[in-house]
Structures are given as C-alpha cells and as structure tokens.
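User: Please take a close look at one strand and its pairing partners in this model. Then follow the thread outward to the contacts and surfaces around it.

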Amino acid sequence: GLSRFDGTRFVTYGTQSGLPDRAITDVRETRDGVYWVATDGAGVLEFHARNGKSAFTVHRLEGSHRSDRVTSLYEDSSGRLWAGTEAGLFVKAPVGAFRMRIPDIHVFAVLEDRHAAVWVAAANGLYRLQASGTLEHYTERNGLPGVIVAALEDHDGRMWISGIAGLVLLVEHPKPNGQVVAWKF
C-alpha cells in the first residue's frame, strides 16, 4: 500500500481506501503539489488528500498491460511528468494525457540533465533524448555495462551510469557511434 506521514501520524492507503494496486514502485510530488504514484499493474495514479479524504485518479497508459507496470516517475524542468514502464517511456505535459515517447524498452530510471536532455536507463542500454528531439541509444558496444538501472548527473555536470555489471563515468560529449565511457569501476 501507500503510507503518508501528515506530521503527526502515518495514514496508510490500501485497496479498501480506493488504491487500485497495492504494489507501489515510485512516488513523485510535482512542483504544483500533486502526488503521482507509480504502480506495478494499474498505471499511474494521481493522489489527492483533501479534508481528511483521499482520492486516486487512475491514468492507464496506452499499449499492453506492460505499459501499466510503471517503474519510475520523473518531473523535468518544464513540468512534464515522465513515466518509465516495462513497455516504454511515456510523457505527460502539464495539461493533457500520457503519450508514448519511446516504445519497446523496459525503463528503470529517468533523469534530465542541465542541458534539458532526458536520459533513460533501460534494460537494453542508455537513451538520451535531446531537447531538439534527437534520440540517441548507447549500449555495450559503446562500453556500457549491459542493463542500465540508474543515471546521475553530479554537481560538475558529469554523467554517472550504473548497470548490473558496474558503474561508469561517461565522456563529456558522448556520441552514439563511439566509445562513451571515460572510467569503469
């Protein structure tokens, strides 16, 4: 289920409270104060707690049942909400529905860097969606450690990528047709 601390006590929400799926995989509060909840089978939930009552709005994602197995949520600098799923990457503008952005990938994490590029850690490598709309894909042939599970931009703007087989530091300006790893750990 989902538990919320209100400053005094914990309140737990389960199926009896209207939660459609007890398997929660991620929670994100967006800058407008809305709580978004990723589930392992019911899509993305919009959560509102007002006047002692809770309400969940279910956002089913297009495609197969794998689309509703949401693994990660991320809000970028322009207020778009990204949802990584077992079936691909979805994006929701501040007003509107979720739409597929990158299909047929199992997403583990999403990150926006200081250049407004969106990085996607996935089972089949690392993706970078440039602000211009250009999509780049990096894999083991570029030196990455197979399945990518996390990405982090440090305070100096360096990109750290974690995979099942290790941790790497990317070169400063990676190109999809070359080696992108500066250091392997």
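Analyst: Start with a pairing: strand β9 (residues 88-92) and strand β10 (residues 98-103) run antiparallel and share five bridges. The model is predicted. Within this pair, L89 faces I102 of β10. The connection is a hairpin with five residues between the two strands. G96 sits in that turn, and its phi is positive, at about 130 degrees.

Now β9 itself. Five of its five residues are buried, so the strand is mostly covered. In a regular strand the side chains alternate between the two faces of the sheet. Here both faces of β9 are covered. On one side are G88, F90 and K92, on the other L89 and V91, and all of them are buried.

The other neighbour of interest is β8. Four bridges hold β8 and β9 together, again antiparallel. G84 has L89 of β9 as its bridge partner. L89 thus appears in two pairings: opposite G84 and opposite I102. The link from β8 to β9 is a hairpin through two residues.

Step back along the chain to β7. Strand β8 (residues 81-85) pairs with β7 through five bridges, and the two run antiparallel. One facing pair is V70 and T85, the latter in β8. β7 and β8 also form a hairpin, with five residues between them. Its turn includes G79, which has a positive phi of about 90 degrees. Strand β7 (residues 70-75) is largely enclosed by the rest of the structure, because five of its six residues are buried.

Charged residues come next. Side chains of opposite charge can pair when their charged atoms come close. The structure holds ten salt bridges. One of them joins D76 to R80, with the closest N and O atoms 2.7 Å apart. The two ends differ in exposure. D76 is buried, since its relative accessibility is 0%. R80 is partly exposed, with a relative accessible area of 30%. There is also a network of salt bridges that links D40, R69 and E86.

D68 deserves a separate mention. This residue is found in the loop between β6 (53-59) and β7. D68 is buried, at 8% relative accessible area. A polar atom of its side chain lies 2.9 Å from the backbone nitrogen of L61.

Further along the chain, another salt bridge joins R114 to E153, where the closest N and O atoms are 3.0 Å apart. R114 lies in the loop between β11 (107-112) and β12 (118-122), and E153 in strand β15 (residues 148-153), so this pair ties together parts that are 39 residues apart in sequence. E153 counts as buried, at 18% relative accessibility; the cut-off for buried is under 20%. A further bridge connects D156 and R158, with 3.5 Å between the closest N and O atoms. Both ends of this one are partly exposed: D156 at 49% relative accessibility and R158 at 37%.

β15 leads to a second theme, an open sheet. Strands of a sheet pair through backbone hydrogen bonds, either parallel or antiparallel. This sheet has four strands in the order β15-β16-β17-β18, with antiparallel pairing. β15 and β18 (181-184) stand at the edges, each with a single partner strand, so one side of each has no neighbour in the sheet. From one strand to the next, the twist averages 25 degrees. At the β18 end, strand β17 (residues 166-170) pairs with β18 over three bridges, in the antiparallel sense. There L169 stands opposite W183 of β18.

Last, the surface. F108, V149 and I164 make a nonpolar surface patch of about 260 Å². V149 belongs to strand β15. V149 is partly exposed, at 31% relative accessibility. β15 therefore carries both a patch residue, V149, and a salt-bridge residue, E153.

To return to the opening pair: β9 is bridged to β10 on five bridges and to β8 on four. Its residues are buried on both faces.

How values were computed
Residues are numbered from 1 along each chain as its sequence is written. This is a predicted model: local features need pLDDT of at least 70, side-chain atom pairs count only at pLDDT 80 or more; totals for chains, interfaces and linings use all residues. Side-chain values use heavy atoms; hydrogens and water are left out. A salt bridge is a side-chain nitrogen of Lys or Arg within 4 Å of a carboxyl oxygen of Asp or Glu. Buried means under 20% relative accessible area, exposed over 50%, partly exposed in between (1.4 Å probe, protein chains only). Two strands pair if DSSP finds at least two bridges between them. Patches are made of residues with over 30% relative accessible area and no salt bridge: like charges are joined within 9 Å, nonpolar side chains (Val, Leu, Ile, Met, Phe, Trp, Tyr) within 5 Å. Accessible areas come from the Shrake-Rupley method with a 1.4 Å probe; for residues, only the protein chains shown count as cover. Axes are lines fitted to C-alpha atoms, for helices over the stretch in contact, and angles run from 0 to 180 degrees between N-to-C directions. A polar contact is a pair of N or O atoms within 3.5 Å; within protein, one must be able to donate a hydrogen and the other to accept it, and residues adjacent in sequence count only if both atoms are side-chain atoms.
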